[in-house]
Amino acid sequence: MSVAEEMRKLKERAMSCTDCDLHKTRTQVVFGEGNPEAKIVFVGEGPGENEDREGRPFVGRAGRLLNQVLEEIGLKREEVWITNVIKCRACTIDKDGRVKNRPPRVGEVNACKKWLDAELKLIKPTVIVCLGNPAANLLIHKGFKMLEERGRWFESSPYAPFIMATLHPAFVLRQKGEAFERARADLVNDLLEAKRKAESTDKRGGSQLTLF
Ligand code: URA
C-alpha cells in the first residue's frame with residue numbers, strides 16, 4: 001500500500017475517534033493535510049473555530065499568516081504536511097455563553113498522541129517544526145522554553161533527524177507594533193532555516209553534499 005493510501009486509512013480511523021471528551025463538542029476531527037511524503041512537517045497545537053468548521057488545519061487567521069510565511073520562503077502548503085497535537089477543538093463556554101478556545105489538557109494530548117505518532121511514522125520527515133509550546137513539549141522535551149530554545153535544532157526525536165520549535169503564528173498575531181515585527185521575523189527566519197535544513201539533508205538524515 002502506498003504512503004498516501006495508508007494515510008487515507010489512518011485519517012478514516014481518526015475521523016470517528018471518541019477516545020476523549022472533545023468528541024462531544026467537536027464539529028469534526030481535523031486531521032493533518034498536505035504531502036504524506038513531505039520532508040517537512042509542521043505541528044501546531046489544535047484546531048480552532050475555523051478549523052473545526054472546515055475540517056482542515058490552519059485555515060483561520062493563524063493559518064493565513066502561516067500561508068503567507070510559507071509563500072515568502074518559497075514553500076507551498078501542498079509540499080509539506082501540516083498537522084496538530086490534538087485533532088479536535090478544545091474549548092470552554094464562559095459564563096456569558098461564549099465559546100472560547102483553550103489549550104489542550106494533558107489527558108487530551110495523551111488520548112490523541114497515537115494519531116500524531118502514526119502520521120509521523122508514516123511520513124518519516126527529515127525536519128519537524130513545532131509551532132508553539134504544546135508541540136515542543138510533546139515532541140522535543142517537557143518544559144520547553146520558547147524564548148530561549150526557539151530556532152535551535154534537536155537531534156533526539158525518534159520521528160525525524162532534525163526537530164525545532166518556533167513561535168506559534170497565533171502568538172505572533174497577538175503581538176503589537178515592533179514586537180509583532182520582531183516575532184514575525186523570527187518565525188520567517190526559523191521556517192527558512194527549516195527549509196534549508198530539509199533541502200540539504202536526505203530523508204535518512206545524511207548530508208546531501210557530496211565532497212568527491
Ligand atoms: N492553531 C493551531 O495550532 N492549529 C490549527 O490548526 C489552527 C490554529
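This report describes the ligand site, the pockets and the cavity of a predicted model.

## Ligand surroundings

The ligand is surrounded by G44, E45, G46, E51, P57, F58, N84 and H168. Sorted by class, this shell comprises 4 polar, 2 nonpolar and 2 charged residues.

Polar contacts to the ligand involve both backbone and side-chain atoms of the protein. On the backbone side, a polar atom of G46 lies 3.1 Å from a nitrogen atom of the ligand, and a polar atom of F58 lies 2.8 Å from an oxygen atom of the ligand. H168 takes part through its side chain, with a polar atom 2.7 Å from a ligand oxygen atom. The ligand taken alone exposes 230 Å², of which the protein buries 91%.

## The largest pocket

The ligand is located in the largest pocket, whose volume is about 820 Å³. The lining of this pocket is made up of 34 residues, and those nearest its centre are E45, N101, H168, A170 and R174. Among these, E45 and H168 also belong to the residues around the ligand. In terms of class, the lining holds 15 nonpolar, 11 polar and 8 charged residues.

Several secondary-structure elements contribute to the lining. At least two residues each come from the helices α2 (49-54), α3 (61-72), α5 (133-139), α6 (146-149) and α7 (169-174), and likewise from the strand β5 (99-101). The greatest contribution is that of α7, which supplies 4 residues.

## The second largest pocket

The second largest pocket encloses about 280 Å³ of space. Its lining consists of P103, P104, R105, V106, V109, N110, K113, P134, N137, L138 and K142. By class, 6 of these residues are nonpolar, 2 are polar and 3 are charged.

Two helices, α4 (106-123) and α5, each provide at least two residues of this lining. The largest share belongs to α4, with 4 residues. Helix α5 is also among the elements that each give at least two residues to the lining of the largest pocket.

## The internal cavity

The structure contains 1 cavity of 30 Å³ or more. The largest cavity has a volume of about 110 Å³. It is lined by 16 residues, and C17, C20, R26, C88 and C112 are the closest to its centre. The class composition of the lining is 10 nonpolar, 2 polar and 4 charged residues.

Helix α4 gives the most to the lining of the largest cavity, with 4 residues. Helix α4 likewise provides the largest share of the lining of the second largest pocket.

## Summary of the sites

In this predicted model, the ligand sits in the largest pocket, and 91% of the area that the ligand exposes when taken alone is buried by the protein. Helix α7 gives the most to the lining of that pocket. For the second largest pocket, the largest share of the lining comes from α4, and α4 also gives the most to the lining of the largest cavity.

Note on methods
Residues numbered from 1 in each chain as written. Predicted model: local features only at pLDDT ≥ 70, side-chain atom pairs only at ≥ 80, totals over all residues. Heavy atoms only, no water. Near = heavy atom within 4 Å. Polar contact = N/O pair within 3.5 Å; in protein donor to acceptor, adjacent residues only side chain to side chain. Areas by Shrake-Rupley, 256 points an atom, 1.4 Å probe, with all protein chains shown as cover. 1 Å grid on protein atoms, 1.4 Å probe; cavity = no way out; pocket = protein on both sides within 12 Å on 5 of 7 lines; lining within 4 Å. Sits in = over half its atoms within 2 Å of the grid points. Nonpolar A, V, L, I, M, F, W, Y, C, P; charged D, E, K, R; others polar. Points joined across faces, edges and corners; volume = space filled by probe spheres on them.
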